[in-house]
Amino acid sequence: MGEAEDVMKKFRLDDEARRKLVQIVLQRADDSSRVLGRLEVYLESARKPSDAVRTMFGRLMAGGDVPEEHREKEEKKGGDDDRDRSRDRHRGRERDRRSRSRSRRRSRSRRR
């Protein structure tokens, strides 16, 4: 259980992720050291290690293995970045084109 505690501390896992990690270690006592070693490598590339533990819980409890490489859902494949930047630039122009009909003067109650 000492290895599991090291992983919990290193990645500052929240309470739920800690409980799930303990369940995994107890369920897979025969290969827990190997699982924890691979899990540690996997969590080093995770933005949110606690979420990653929760996501893999079912797989690991069923006897599955830790994936080789961590991939965030937000990662994009291909050339979508250019399209996003273009869209952002377009939105900025729309903001500039809006009418500025509001008076910039202070209201009567705020005048001195």
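Buried denotes a relative accessible area under 20%, exposed over 50%, and partly exposed a value in between (1.4 Å probe, protein chains only). The model treated here is predicted, with local features requiring pLDDT of at least 70 and side-chain atom pairs counting only at pLDDT 80 or more, while totals for chains, interfaces and linings use all residues. Residues are numbered from 1 along each chain as its sequence is written, and side-chain values use heavy atoms, with hydrogens and water left out.

**Exercise 1. Describe the salt bridge between glutamate 40 and lysine 10, and classify the accessibility of both partners**.

Step 1. A salt bridge requires a side-chain nitrogen of Lys or Arg within 4 Å of a carboxyl oxygen of Asp or Glu. The side chains of glutamate 40 and lysine 10 satisfy this, at 2.9 Å from N to O.

Step 2. Glutamate 40 belongs to helix H3 and lysine 10 to helix H1, so the pair ties together parts 30 residues apart in sequence. Helices are DSSP runs (H or I, at least four residues), numbered from the N terminus.

Step 3. Glutamate 40 has 27% relative accessibility and therefore counts as partly exposed. Lysine 10 is also partly exposed, at 45%.

**Exercise 2. Analyse the salt bridges of aspartate 14 and aspartate 31**.

Step 1. Aspartate 14 pairs with arginine 54 through their side chains, at 2.9 Å from N to O. This pair links distant parts of the chain, 40 residues apart: aspartate 14 is in the loop between H1 and H2, and arginine 54 is in helix H4.

Step 2. The relative accessibility of aspartate 14 is 31%, so this residue counts as partly exposed. Arginine 54 is partly exposed as well, with a relative accessible area of 23%.

Step 3. Aspartate 31 bridges to arginine 28, where the closest N and O atoms are 2.8 Å apart. Here aspartate 31 is buried at 17%, and arginine 28 is buried at 6%.

Step 4. Through shared partners, salt bridges join Arg28, Asp31, Arg34, Arg38, Asp65 and Glu68 into one network. The structure holds 10 salt bridges.

**Exercise 3. Determine which face of helix H2 is buried and what its buried residues pack against**.

Step 1. Helix H2 covers residues 15–27, which is 13 residues. From first to last C-alpha, H2 reaches 18 Å, close to the expected 18 Å (1.5 Å times one less than the number of residues).

Step 2. The buried residues in H2 are Ala17, Lys20, Leu21, Ile24 and Val25. Viewed down the axis, they fall within an arc of 140 degrees, and therefore line one face of the helix; the arc is taken from the directions from the helix axis to the C-beta atoms.

Step 3. Asp15, Arg19 and Leu26 are exposed on the face turned away from the buried side of H2.

Step 4. Contact means heavy atoms within 4.5 Å. The buried residues of H2 pack against helices H1 (2–10), H3 (32–44) and H4 (49–61).

**Exercise 4. Locate serine 50 and leucine 43 by their contacts, and describe the largest nonpolar core**.

Step 1. Serine 50 is in helix H4 and is buried, with a relative accessible area of 10%. Apart from neighbours within four places in sequence, serine 50 contacts Arg12, Leu13, Asp14 and Ala17.

Step 2. Excluding residues up to four places away in sequence, leucine 43 touches Val7, Phe11, Pro49, Ala52 and Val53.

Step 3. A nonpolar core is a set of buried Ala, Val, Leu, Ile, Met, Phe, Trp, Tyr and Cys residues joined through side-chain atoms within 4.5 Å. The largest one has 21 residues, and Leu13, Leu21, Leu43 and Val66 have the most contacts inside it. H1, H2, H3 and H4 are the elements giving two or more residues to this core.
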